[in-house]
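Hi everyone, thanks for making time this morning. I'd like to walk you through one model, so do have a look at it on the screen while I talk.

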Amino acid sequence: MDWLAAHWRDVLDLAGNHLYLAGVPLVVGLVLAVPLGWAAKRWDRSYLAIITGAGLLYTIPSLALFVVMPLIIGTQILDPINVVVAMSVYTVALLARTVADGLKAVPDHVEQSATAMGYKGVRRLFGVELPLAVPVIAAGLRVAAVSNVSIVTVASVVGVPQLGNLFIDGFNRVIWAELVTGIVATVVLALALDALIVVGSRLLTPWRTAGGGAA
Amino acid sequence: MNILFEWFGDPANWSGADGIGQRLWEHLWYTAVTMLVASAVALPLGLWVGHTGRGRWLVTLANSARAVPTLGLLLAASLWLGPKLPGDFAYTVPSIAVLAILAVPPLLAGAYGGIDSVDGAARDAAYGVGMRGRQVLWQVEVPNALPLMLSGVRSAVLQVVATATIAAIPGLGGLGRFIIDGIALADYGQAGGGALLVAVLAVLLEGILALLQRRLVSPGLTGRAVGGSRNDDDSAGPEESADPTVDLRTSV
């Protein structure tokens with residue numbers, strides 16, 4: 001506790017960075033996953049291609065992606081943007097499938113009713129199908145959020161500061177308080193993001209019973 | 001890209017105690033040992049939970065442990081156990097212990113989820129023709145649960161491969177060494193080369209395991225044997241539902 005009392009400002013700074021590095025890709029990933037998921041649902045052939053491609057991207061270990069990213073997008077190796085892009089890739093990979101499955105789960109008769117009421121194309125997607133898919137998408141988003149927060153800690157190796165720095169520094173200098181603070185802060189951040197998504201999902205789906213929540 | 005070609009092109013990087021061959025071998029060896037240990041614990045446990053319906057909290061507990069950052073766990077274990085162990089064990093034992101712990105949730109979820117999702121009618125029919133609990137488990141539940149169980153195994157293997165890379169930070173061998181040492185020495189050819197090797201290894205393993213899964217799963221489940229007579233409507237085919245890989249995997 002003494003360590004934390006002396007360093008809480010640094011911890012907060014790192015947590016802020018961490019939130020940025022894990023959170024921005026979550027938003028970017030979701031925005032990109034919606035059209036991909038929609039395409040996967042719309043055309044059966046693209047479903048397999050998109051799901052397989054996403055699965056392969058998700059297979060690449062994070063440390064490898066962080067290191068290879070600058071070679072692909074032409075940035076400096078220590079640039080935080082590498083981490084943001086890499087995390088966005090993971091998020092898209094995870095969510096494209098979720099969005100597709102969520103949209104597929106919208107019952108046919110609902111889509112047909114919407115069409116009959118004059119909902120077409122993009123308006124039907126955003127007005128009817130996506131809102132109904134929110135619980136499924138939120139479940140995927142929760143997985144992505146928790147895993148993003150954990151993966152981002154590895155970015156310390158490529159010189160991008162966030163809560164993972166506390167583990168590495170605590171390990172190198174044998175300061176247990178620092179190492180444990182890092183782990184606890186990371187878990188707290190992950191759970192906070194998770195809770196935020198649960199609340200957001202409930203607010204977006206007021207028609208669901210209060211006890212149901214996002215599965 | 002040139003620095004990559006240079007690194008891969010240098011024969012000195014391929015042989016010896018810290019060459020690509022040796023590091024690749026180490027990486028596969030850690031992965032195999034970890035999977036053996038983790039499977040020995042998680043698969044029987046998952047089958048038991050699924051078959052008896054008892055102890056479901058174990059699965060929930062294992063899943064919620066995923067929020068714990070892998071790197072933090074690795075470093076904490078190394079800092080704690082490392083000084084107590086002699087020689088190379090100081091690096092291998094804590095890392096492999098953590099790798100095994102992290103492989104448990106996907107294995108457990110796959111085994112439990114597989115058994116749990118077996119059609120109740122199939123189970124009832126098995127009891128109805130006079131099978132005992134053990135027979136139902138091995139002759140009906142396990143074959144039906146295989147797609148999900150193997151998805152769990154795939155997720156676990158990929159995760160172990162990825163995490164073993166990170167375990168190079170507290171000093172484990174394997175392909176991660178190239179990345180960590182390369183960055184430490186500002187030798188980005190080495191770091192990038194190592195990263196590429198890890199990525200290729202992961203994708204190759206995923207492909208091999210996917211093929212293996214196709215061969216092991218009963219044709220009656222995948223619909224391969226039935227030829228053209230499958231239901232041709234838009235209901236999700238068994239092949240689709242048999243592959244929920246993404247959700248089982250943890251973060252690394």
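Val174(A) sits in the loop between H7 and H8 of chain A; helices here are DSSP runs of H or I with at least four residues, strands are runs of E with at least two, and both are numbered from the N terminus. Val174(A) is not a glycine, yet its phi is positive, at about 50°. Is Val174(A) buried or exposed? It counts as exposed, because it has 10 C-beta neighbours inside 10 Å. The cut-offs, with C-beta atoms placed from the backbone, are these: buried means 20 or more other C-beta atoms within 10 Å of the residue's own, exposed means 12 or fewer, and partly exposed is what lies in between.

Please keep in mind that this is a predicted model, so local features need a pLDDT of at least 70 and side-chain atom pairs count only at 80 or more, while totals for chains, interfaces and linings use all residues. Residues are numbered from 1 along each chain as its sequence is written, and chains are lettered from A and ligands numbered from 1 in the order in which they are written.

Chain B has a residue of this kind too. Ala186(B), also not a glycine, has a positive phi of about 55°, and Ala186(B) is in the loop between H8 and H9 of chain B. With 9 C-beta neighbours inside 10 Å, Ala186(B) counts as exposed.

Let me stay with chain A for a moment. Its secondary structure comes to 8 helices and 0 strands. The C-alpha trace of chain A spans about 65 × 45 × 20 Å along its principal axes, and 47% of its 215 residues are buried. Contacts here mean C-beta atoms, placed from the backbone, within 7 Å. Among the contacts in chain A with a separation of 6 or more, 71% join residues 24 or more positions apart.

For a closer look, take Met87(A), in helix H4 (residues 80–104) of chain A. It has 28 C-beta neighbours inside 10 Å, and therefore counts as buried. Leaving out residues up to four places away in sequence, Met87(A) touches Leu21(A), Ala22(A), Pro25(A), Asn148(A), Ile151(A) and Val152(A). Arg123(A) is 36 residues from Met87(A) along the chain, and their C-alpha atoms are separated by 30 Å.

Now the core. A nonpolar core is a set of buried Ala, Val, Leu, Ile, Met, Phe, Trp, Tyr and Cys residues joined through C-beta atoms within 7 Å. The largest one has 128 residues, and those with the most contacts inside it are Phe66(A), Ala96(A), Leu99(B) and Leu107(B). Among the residues that Phe66(A) touches, beyond four places in sequence, are Val83(A), Ala86(A) and Val158(A).

On to chain B and its helix H4, residues 70–81. What span should its 12 residues have? The expected span is 1.5 Å times one less than the number of residues, so H4 of chain B should span 16 Å, and its end C-alpha atoms are indeed 16 Å apart. Of those 12 residues, 9 are buried, including Thr70(B), Gly72(B) and Ser78(B). The cover comes from both chains: it includes H6 (121–152), H7 (164–172) and H8 (176–204) of chain A, together with H5 (89–116) and H7 (133–166) of chain B.

That brings us to the interface, where 38 residues of chain B are in contact with 36 residues of chain A. On the chain B side, H9(B) gives the largest share, 10 residues. That side divides into 27 nonpolar, 8 polar and 3 charged residues; Ala, Val, Leu, Ile, Met, Phe, Trp, Tyr, Cys and Pro count as nonpolar, Asp, Glu, Lys and Arg as charged, and the others, Gly among them, as polar.

From the record, an unreviewed UniProt entry places "transmembrane region" features on chain B, among them residues 28–50 and 93–115; such annotations may be inferred rather than shown by experiment. Residues 28–50 are 100% helix, with end C-alpha atoms 31 Å apart. Residues 93–115 are 100% helix as well, and there the ends are 32 Å apart.

Finally, confidence. pLDDT is the predictor's confidence in each residue, from 0 to 100. Chain B has a mean of 83, and 88% of its residues reach 70 or more. Over residues 227–251 of chain B the pLDDT is below 50, though this stretch has 44 contacts in the model beyond near neighbours in sequence. The model scores ipTM 0.84 and pTM 0.82.

Technical notes:
Contact = placed C-beta atoms within 7 Å.
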